[in-house]
Amino acid sequence: MRLRKLLLNVISICLLLFLTFYIIHIKGVARSEKLQRLSSISEKTLNFKFAVISDPHISVFESSMSPTNEVKMFKDSVSLLESTVKEINKILDIKFVCVLGDLTKDAEPWNVDKVKEILDRLQVPYYVVLGNHDVSVVDSHLKNMGPSVTRSTMIWTFQGHGFSGPNRWWSLDPLPGVHLIGLDSTMIGDWGGYIDNQQLKFLEKDLQNNKSKLTIVMLHHQLLPYTKAEETGENNFNKFVLYNSKQVREVLEKFPQVAVVLSGHRHISTRYKMEKGIAYFTCASTVTYPMRYTIFEIKGWKLTYTTKDVPCDQKVWEEARKNALNTNINTWPRWSAHPNTPSGDKSLLEELEGPSFQKGFVSLARLKDIIK
């Protein structure tokens, strides 16, 4: 009887010691994780600028395959991107540049070489994702269509600019405590976009492994619609929005470190939507009216953005505006909300220019969940 009682006492003491050790260990791990998070998301982390370039659609005009200026100002695409790079280089505190795809007219080898040459003039690191015009012939009926390089060629061309190895997707830390993810939303033979299961698995795992870092995600296609036409699919405008955008957003929403999602493709002046604490931006093109790029600044729990005009000759600006207006409701960038009337022209220009969105800020309060 005494032996049994003694054994019970020993077992009780052992359990008590184990529980005490376990509680201390768990608190220590939690404290360590919190300290790690605090050291990652610091005042220094939340204080930097970066630039965004989108949809330059480079077309070397000296080539016999180059088209004339249309809504996309192909003839002036080189000078417009060169001007953009020069302006960004003048901003001394820019830390890096995000380039959101559609680098070329249609992945012609000479245009790939040219866009790489121009982007290499940036005096800070730049990171690239591919657009639908960088991977395949979008329309076999297009005139002046030359040979296109493969997706793999594009990936290897831009090694070190996000891409590292053969994968279409990538992630890196451009600054301490800041994480950048690049996804490939392109589809061969379709100008719509999709993120496949392999990338979805990568995305979730990568976010799981980088919980303590402010995270920016970039891809070519939008994850949210910005106009009614994108919701209804009029004139195939649904192709501006990722086909499985809901599935991707569900992954992003699980992780409070995701602050911003950047996309291009739409060719309207920079604007955003907030969805469950994440700011989803679509960014302006350098090659279609009103030809712009965007400067972002993260400071404290706030992100501010300024959309800037690409410096160019007044004649180029006027021609781009005229070409945008010289369309009908069945031709991008118009749709039924913008008929060929004075009021329709006005509303189209307002959609393209986004005057109420040219400057603004969004709260990054969601990030505070990281250091609770």
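This dialogue examines one helix packing and several backbone features in a predicted model.

Trainee: How many helices and strands does the chain contain?

Mentor: The secondary structure comprises nine helices and twelve strands. Of the 372 residues, 52% count as buried.

Trainee: At what angle do helix α8 and helix α9 pack?

Mentor: Helix α8 (residues 314-325) and helix α9 (residues 342-353) pack at an angle of about 120°, their axes lying 10 Å apart. Angles from 65 to 115 degrees count as roughly perpendicular and those over 145 as roughly antiparallel, so α8 is oblique to α9. The crossing of α8 past α9 is right-handed.

Trainee: Which residues make the contact?

Mentor: Helix α8 contributes Arg321, Ala324 and Leu325, while α9 contributes Asp345, Leu348, Leu349 and Leu352. The contact residues divide into five nonpolar, two charged and no polar.

Trainee: How should backbone geometry be read?

Mentor: Most peptide bonds are trans, and most residues other than glycine have a negative phi. In this model the peptide bond from Tyr289 to Pro290 is cis, with omega near 10°; Pro290 is placed in the loop between β9 (278-282) and β10 (292-299). The bond from Trp332 to Pro333 is likewise cis, with omega near 10°, and Pro333 belongs to the loop between α8 and α9.

Trainee: What is the phi of His267, and is this residue buried or exposed?

Mentor: His267 is not a glycine, although its phi is positive at about 60°. Its loop runs between β7 (258-263) and β8 (271-275). Buried means under 20% relative accessible area, so His267, at 4%, is buried.

Definitions and conventions
Residues numbered from 1 in each chain as written. Predicted model: local features only at pLDDT ≥ 70, side-chain atom pairs only at ≥ 80, totals over all residues. Heavy atoms only, no water. Axes fitted to C-alpha atoms, helices over the stretch in contact; angles between N-to-C directions. Helix = DSSP H or I, 4+ residues; strand = E, 2+ residues; numbered from the N terminus. Parallel < 35°, antiparallel > 145°, perpendicular 65-115°, else oblique. Left-handed = near helix turned anticlockwise from the far one by under 90°. Contact = heavy atoms within 4.5 Å. Nonpolar A, V, L, I, M, F, W, Y, C, P; charged D, E, K, R; others polar. Buried < 20%, exposed > 50% of the residue type's maximum accessible area, 1.4 Å probe, protein only.
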